[in-house]
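Trainee: Could we go through this structure together, with the reasons behind each term?
Mentor: Yes, let us look at it first and then take the terms in turn.

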Amino acid sequence: MIIRASKNVIALILLASFVLTSLSCSSLSNSEVFFGATAPPKLNIFRYVTGDEPESLDPPISTGQPEARIYMALFDGLVEYHPKSLQPMPAMAERWDVNNDSSEFTFHLRQNGRWSNGDPIDANDFVYSFRRAVSPELASRNAYLAAYIKYSQEYNSGAVFVRDPQTKQFLLAKDYKESAAPEPLSSQPLGTVEYRATAEESTPDPDSAFHQLMHSPARLSLPGDPKARTKLLDKDAKLKAAIEGKELVPVTKEDFGVEAVDKYTLRISLVQSAPFFVGLLAHQVFRLVPKKAIEQYGERWAEPNREIISCGPFKVKTWQPYDKLIVERDPMYWDAATVKLDEIHFYPMSDNPSIMNLYKVGEVDAVLNHTVPNAWLEVVKTKKDYMDGVEASIDFLQINVTQPPMNDVRVRKAFNYAIDKNAWAAWRKIVKPLTAFTPEGIFQGYPQPKGDQFDPEKARQLLTEAGFPVTKNADGSFSCRNFPVDQVEYIYNTQESNKAMAEWMQAQWKQNLGITISLRNMEWKTFLNARAKLEYKGFSRGAWSADYMDPFTFLSLFYTGGESGTGWEDPKYVAILDEANRQLDPAKRYELLAKAEKYMIDAQPVIPFDTASVNWVKKPYVKGMYPNPGSLFAWKFVYIERDQAKWDTGTPSLAD
Amino acid sequence: MLRFIIKRLLVTIPTILVVISITWGLVRLAPGNFYSGEKKLPAAIEKNIREKYGLDKPWYQQYGKTMWGIIRHGDFGTSLKYEGQSVNTIIKRSLPVSAGVGILAYLLALVLGIVFGSIAALKQNSKWDYSSMALAMLGISVPNFVLGPILVLVFSLTLYWLPPSRWGGFPSRNLILPVLTLSAIYMAYIARLTRAGMLCVPTTFVRLVQKG
């Protein structure tokens, strides 16, 4: 009896295993060309993993890319990122005029903009949103992106102006600050030839009191905090004497350089020339937020379980934190006719293998960038749904240039020459080797300078010149006996990929210079602190990604000293950048930026390694979604293609 | 008995408060801040954030405020990671899910464990006994973090039957694998306990009676 039963069981198991094998075979043949299932979803719904649970749905609050992608579905700005190039394209602003030195921008808004509740959108909504984004009360981490707008930093930092109580005149910055950069046209009395001849209409309403304030020389501002102010004044006797008996006037949101000229015209005055400024305006910190809802609910206006008023192509349908955020097409959207998807389901996930599994079984249609684990690349990279493209971010090593022996440029250069970046890129499989400080192949028409190529012979020679002779041993290896290895180390934050990178570089230096640099891993926050305060000797791991699509977003890391984590600063470098940004001709400006970049690279405060790669996957039936360098997608163009003949087989091109 | 339980429950309150205080202190002593990241913030923006969250106040005021909120209102404050949400809402939202999965796993473990254990005991030393006890041994010795991925590999990535991750609410297909994984070890213990209980206890009694 028992034997018979077990025979049946065996038969059943055999049958089951047969079914299993045939099933897995069919799925295997499916995944030969693509990675996993390729059946399009039945409904017109796009399912996407955008990264970890969003920190907030309040646009200016979060700094992350996962949130930025969600905001692109929910909140429009003046401009939107182009799906391929990420250059600004019209959104709420139909078009814009720029003055002659790119220091004042006038945006002409469309008149059919509406909130998801049907309320109309006009220039005052932008004034409100911009003022809120930089207000000290909101304390947004993104506020620094608005620093180009006049009196933005002063308002954000709670500074004060200084006024003479008798004459009611404000003290001016130029009278008290040495080496101040020349002020842009927008800080000078209004002229007649300020706008380009191409502007379709004359400058609107040039005579508003606010506009005249914008067009007067910059006022002197002091810290609002009495302690900080006293400290500053104690150092500057001339300033202290000038302040005596004057009244201090707090900088308010009304001083901030954004003005609703009329209902559908918005004018922004800048503190300096910034030709790239429009590209910045697609950033989340500049997206529209609903004044009414915020006045009613305060900070928690965008909480789950609340009707979130939005103004993008989609609006929130349901938000179940840690599970899903479902957004649906918003019929009130000004461009609703272009929107192709009915819904987007954003799934918050952070574990890469789990995300890839979900993708493989066909439960999601695309995943965020940097998701394919290293160990999977061998297989996934050969599939036709792998997205291969350069990213607007770079990996490099920062060098603490304030301490010997790294304060000697020859030593810094030697360590750079000794690294074979091509070999590194080949080993890492998906990155592109980099010798300069801007990512390669991202900025069209930018004459990117070349840094020094791999040259171990030259590296040894430079080290010898710097007083650390490198000698060749009998077995072909090198030694550098008097190099102070106890003065130099390589710090990185604890993470497997950082460790691999550190060990790789360590091996290169050992092999080519005969120097063994010790590695030290640190907890993330400890690492950040050590790097920011230059409390490290030698090298620290660094990475930088673009805030907007212009080389300046990389070069500005060294624009104001102390932020770069290297201790390197140079007024000449800053001067070239200033000159570049005042250029009217984009080609000339790029030339000057490249000159600045070359100047910085030659001083070698960093050792660039590579331009990162986007490294993600999308199903072939997902169309209108491109592996652009910021992994930011204008969702209204994305759709699901059911005709197999029109599917993407391979990475779609970013050209045209 | 009831008094004992109540007493034990009351003792947990100061324990939790001490744990919260120690955690609070450790977080304060740890380097860095919740707002620090790869891109260094300008000083003015950092100052705004510190003021917004009251980090510019002396530590005893911050500690007092936190503890007062917890003791007086049961309020754990605002989330620093998910801005604009309170910690209480997050707990309220997540606790039922964790508890639900836990209870389901426990129930499954109880039912299957007793069934397997009983079968093993009733058919002592038969192949039924050996196979269910082998299974139980496997359940005890294979840890969750191994069993989970194996189940995903078989049922999701090879068979395409069940979702490999995500949450679908109660009830849903998403429940099956996590509940199974979570219950395995308890199921194994319960099965062995049941078997031992059904087999051994009576004989001990018998022996006792015989000796007495």
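Trainee: Which residue stands opposite Asp395(A) in strand 23 of chain A?
Mentor: Keeping in mind that this is a predicted model, the residue opposite Asp395(A) is Asp610(A) in strand 23 of chain A.

Trainee: How do you know that strand 16 and strand 23 of chain A are paired?
Mentor: Two strands count as paired when at least two bridges are found between them. Strand 16 (residues 390–399) and strand 23 (residues 606–613) of chain A are joined by six bridges, so the condition of at least two is met, and the two strands run antiparallel.

Trainee: What makes strand 17 and strand 21 of chain A the edge strands?
Mentor: The open sheet here has six strands of chain A in the order 17-23-16-22-20-21, with mixed pairing. Strand 17 (432–433) and strand 21 (518–522) each pair on one side only, and that is what makes them the edge strands.

Trainee: How do you know that helix 12 and helix 16 of chain A pack on this sheet?
Mentor: Contact means heavy atoms within 4.5 Å, and helix 12 (residues 409–417) of chain A touches strand 16, strand 22 (538–545) and strand 23, its direction making about 35 degrees with that of strand 23 of chain A. Helix 16 (residues 524–532) of chain A touches strand 16, strand 20 (489–493), strand 21 and strand 22, and its direction makes about 105 degrees with that of strand 22 of chain A.

Trainee: Where does Pro405(A) lie, and what is special about the peptide bond before that residue?
Mentor: Pro405(A) is found in the loop between strand 16 and helix 12 of chain A, and the peptide bond from Pro404(A) to Pro405(A) is cis, with omega near 0 degrees. In chain B, a cis peptide bond joins Phe170(B) and Pro171(B), with omega about -20 degrees, and Pro171(B) lies in the loop between helix 6 (144–158) and helix 7 (176–211) of chain B.

Trainee: In which sense do strand 1 and strand 14 of chain A pair, and over how many bridges?
Mentor: Strand 1 (residues 45–51) and strand 14 of chain A pair in the parallel sense over two bridges, which meets the requirement of at least two and therefore counts as pairing. Within this pair, Val49(A) stands opposite Val367(A) in strand 14 of chain A. Both strands belong to an open sheet of five strands of chain A, in the order 11-12-13-1-14 and with mixed pairing, whose edge strands are strand 11 (314–320) and strand 14 (366–367). Helix 2 (residues 65–74) of chain A packs on this sheet, and its direction makes about 145 degrees with that of strand 1 of chain A.

Trainee: What makes Tyr322(A) stand out?
Mentor: Tyr322(A) has a positive phi of about 70 degrees although it is not a glycine, and its place is in the loop between strand 11 and strand 12 of chain A.

Trainee: Why is an empty space called a cavity in one case and a pocket in another?
Mentor: A cavity is a space where a 1.4 Å probe fits but cannot get out, whereas a pocket is an open one. Four cavities of 30 Å³ or more are counted here, and the largest cavity holds about 120 Å³ of space. Its lining has 16 residues, and those nearest its centre are Ser56(A), Asp58(A), Glu299(A), Glu83(B) and Gly84(B). The second largest pocket holds about 1400 Å³ and is lined by 34 residues, including Trp24(B) and Leu55(B).

Trainee: Which helix gives the most to the lining of the second largest pocket?
Mentor: Helix 3 of chain B gives the most, with six residues. By class, that lining has 14 nonpolar, 11 polar and nine charged residues.

Trainee: How do you know that domain 1 and domain 2 of chain A are in contact?
Mentor: With heavy atoms within 4.5 Å as the test for contact, 12 residues of domain 1 of chain A are in contact with 15 residues of domain 2 of chain A. The centres of these two domains, taken over C-alpha atoms, are 35 Å apart.

Key:
Residues are numbered from 1 along each chain as its sequence is written. Chains are lettered from A and ligands numbered from 1 in the order in which they are written. This is a predicted model: local features need pLDDT of at least 70, side-chain atom pairs count only at pLDDT 80 or more; totals for chains, interfaces and linings use all residues. Side-chain values use heavy atoms; hydrogens and water are left out. Helices (H or I, at least four residues) and strands (E, at least two) are DSSP runs, numbered from the N terminus. Axes are lines fitted to C-alpha atoms, for helices over the stretch in contact, and angles run from 0 to 180 degrees between N-to-C directions. On a 1 Å grid over the protein atoms alone, a cavity is a set of points where a 1.4 Å probe fits but cannot get out, and a pocket is an open set with protein on both sides within 12 Å along at least five of seven lines; lining residues have an atom within 4 Å of a point. Grid points are joined across faces, edges and corners, and a volume is the space filled by probe spheres set on the points. Ala, Val, Leu, Ile, Met, Phe, Trp, Tyr, Cys and Pro count as nonpolar, Asp, Glu, Lys and Arg as charged, and the others, Gly among them, as polar. Domain bounds come from an automatic or database domain assignment.
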